[in-house]
Amino acid sequence: MNMDFSRVVRLLGVVLGFSATLCAEEPASPAASVTFTAFAWDVFDTEKDLAVNYQQKGKTQTLEIAWRDRSVAAACDGPGTLVFTQTVVRDGKSTEMPVATAEIPVGVKRVLLVFGRNTQREPGAMPYRVMVIDDSYAVFPGQSVRFINHSSVEMAGSLGEQVFTVAAGREQVVSATLSVGGQLLSLRLARRDAAGGWRKLRSTMLPMSAGQRVLVFLIDNPATPGRPEMVMVRDRVELEPPLPAQGGTLSKAVGLRVNPAGR
């Protein structure tokens, strides 16, 4: 599915404004550290992930960004402008060329960065654009599914026993009730039609585990007007706060790559 990333950016403006009202955190100091993860909206290379560099506390860090797959959690200086570069060789010398920027807002301690091609490039414009989404646990708790609807239609559905609706340009977080540590939950989605009724859109079984978060983007597909597509992005498993474990403290568990088969 080929989506216009610039259009997605514009549609998400409403969603991000709504998200900001959900979380009231203390403003971060200029020297504060912000946790972020990233994924690529577009396929930049069919053989390897998108690699970019950035500066954190005066040192160059490299980030590997996969197609619709959350990166490992990283840290950056924030808030403010985060500049991403790529290494190029000119006249036998390596230099860093800026390829994207992300504006980290004040008061947000954790963000998701979504990289896509800049399809409306003016002279001197950078090749990539970045959406910045508040990804804090206060907004998006563990063991929940977050639906971000930047399609043009109202959506409704059920997750296990939980029923929800999410208007166009809005978002909804739905708690996942698990009877055991991990299980398959039924996920059903329907869309509002022009007559005001509901039409089935998607039905699937969603693997969930304790503390896991799943992000679902609902987006219009020009190839199928009126039938939005669903893009699902799972967390790598991160436990916050650290949980005690036999023989010591488990500070972080990493697993569950997002959509690992997709390229």
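A cavity is here a set of grid points where a 1.4 Å probe fits but cannot get out. In the predicted model described below, the structure holds 1 cavity of 30 Å³ or more. The volume of this largest cavity is about 60 Å³. Its lining comprises 12 residues, and those closest to the centre of the cavity are Phe 44, Asp 45, Lys 48, Asp 49 and Trp 67. By residue class, the lining of the largest cavity consists of 7 nonpolar and 5 charged residues, with no polar ones.

The protein has 263 residues, of which 43% are buried. Its secondary structure amounts to 18 strands and 1 helix. Among contacts with a separation of 6 or more, 62% are made by residues 24 or more positions apart.

Four of the strands form an open sheet with mixed pairing, in the order E12-E9-E15-E16. Strand E12 (170-175) and strand E16 (229-234) are the edge strands of this sheet, each pairing on one side only. On average, and with direction ignored, neighbouring strands of the sheet are turned by 20 degrees against each other. Strands of a sheet pair through backbone hydrogen bonds, in either a parallel or an antiparallel sense. For strand E15 (residues 213-219) and E16, the sense is antiparallel, and the pairing extends over 6 bridges. Two of the bridge partners can be named: Leu 218 is matched with Met 230 of E16, and Ile 219 with Glu 229 of E16. Although E16 is an edge strand of the sheet, 5 of its 6 residues are buried, so E16 is largely enclosed by the rest of the structure.

A further antiparallel pair is made by strand E1 (residues 33-40) and E4, with 4 bridges between them. Within this pair, Val 34 has Cys 76 of E4 as its bridge partner. Strand E4 (residues 74-77) has two faces that differ in cover: Ala 74 and Cys 76 lie on the covered face, whereas Ala 75 and Asp 77 lie on the uncovered one. Cys 76 thus appears both as the bridge partner of Val 34 and on the covered face of E4.

Several backbone features were found in loops on either side of E4 and beyond E5. The loop between strand E3 (59-65) and E4 contains Arg 68. The phi angle of Arg 68 is positive, near 50 degrees, in a residue other than glycine. Arg 68 has a relative accessibility of 8% and therefore counts as buried, the cut-off being under 20% relative accessible area. In the loop between E4 and strand E5 (80-90) lies Pro 79. The peptide bond that leads from Gly 78 to Pro 79 is cis, and its omega is near -5 degrees.

Asp 91 is located in the loop between E5 and strand E6 (93-104). This residue also has a positive phi, of about 55 degrees, without being a glycine. Its relative accessible area is 82%, and Asp 91 is therefore exposed, since the term applies over 50%. Of the two non-glycine residues with positive phi described here, Arg 68 is thus buried, whereas Asp 91 is exposed.

Definitions and conventions: Residues are numbered from 1 along each chain as its sequence is written. This is a predicted model: local features need pLDDT of at least 70, side-chain atom pairs count only at pLDDT 80 or more; totals for chains, interfaces and linings use all residues. Side-chain values use heavy atoms; hydrogens and water are left out. On a 1 Å grid over the protein atoms alone, a cavity is a set of points where a 1.4 Å probe fits but cannot get out, and a pocket is an open set with protein on both sides within 12 Å along at least five of seven lines; lining residues have an atom within 4 Å of a point. Grid points are joined across faces, edges and corners, and a volume is the space filled by probe spheres set on the points. Ala, Val, Leu, Ile, Met, Phe, Trp, Tyr, Cys and Pro count as nonpolar, Asp, Glu, Lys and Arg as charged, and the others, Gly among them, as polar. Two strands pair if DSSP finds at least two bridges between them. Axes are lines fitted to C-alpha atoms, for helices over the stretch in contact, and angles run from 0 to 180 degrees between N-to-C directions. Buried means under 20% relative accessible area, exposed over 50%, partly exposed in between (1.4 Å probe, protein chains only). Contact means heavy atoms within 4.5 Å.
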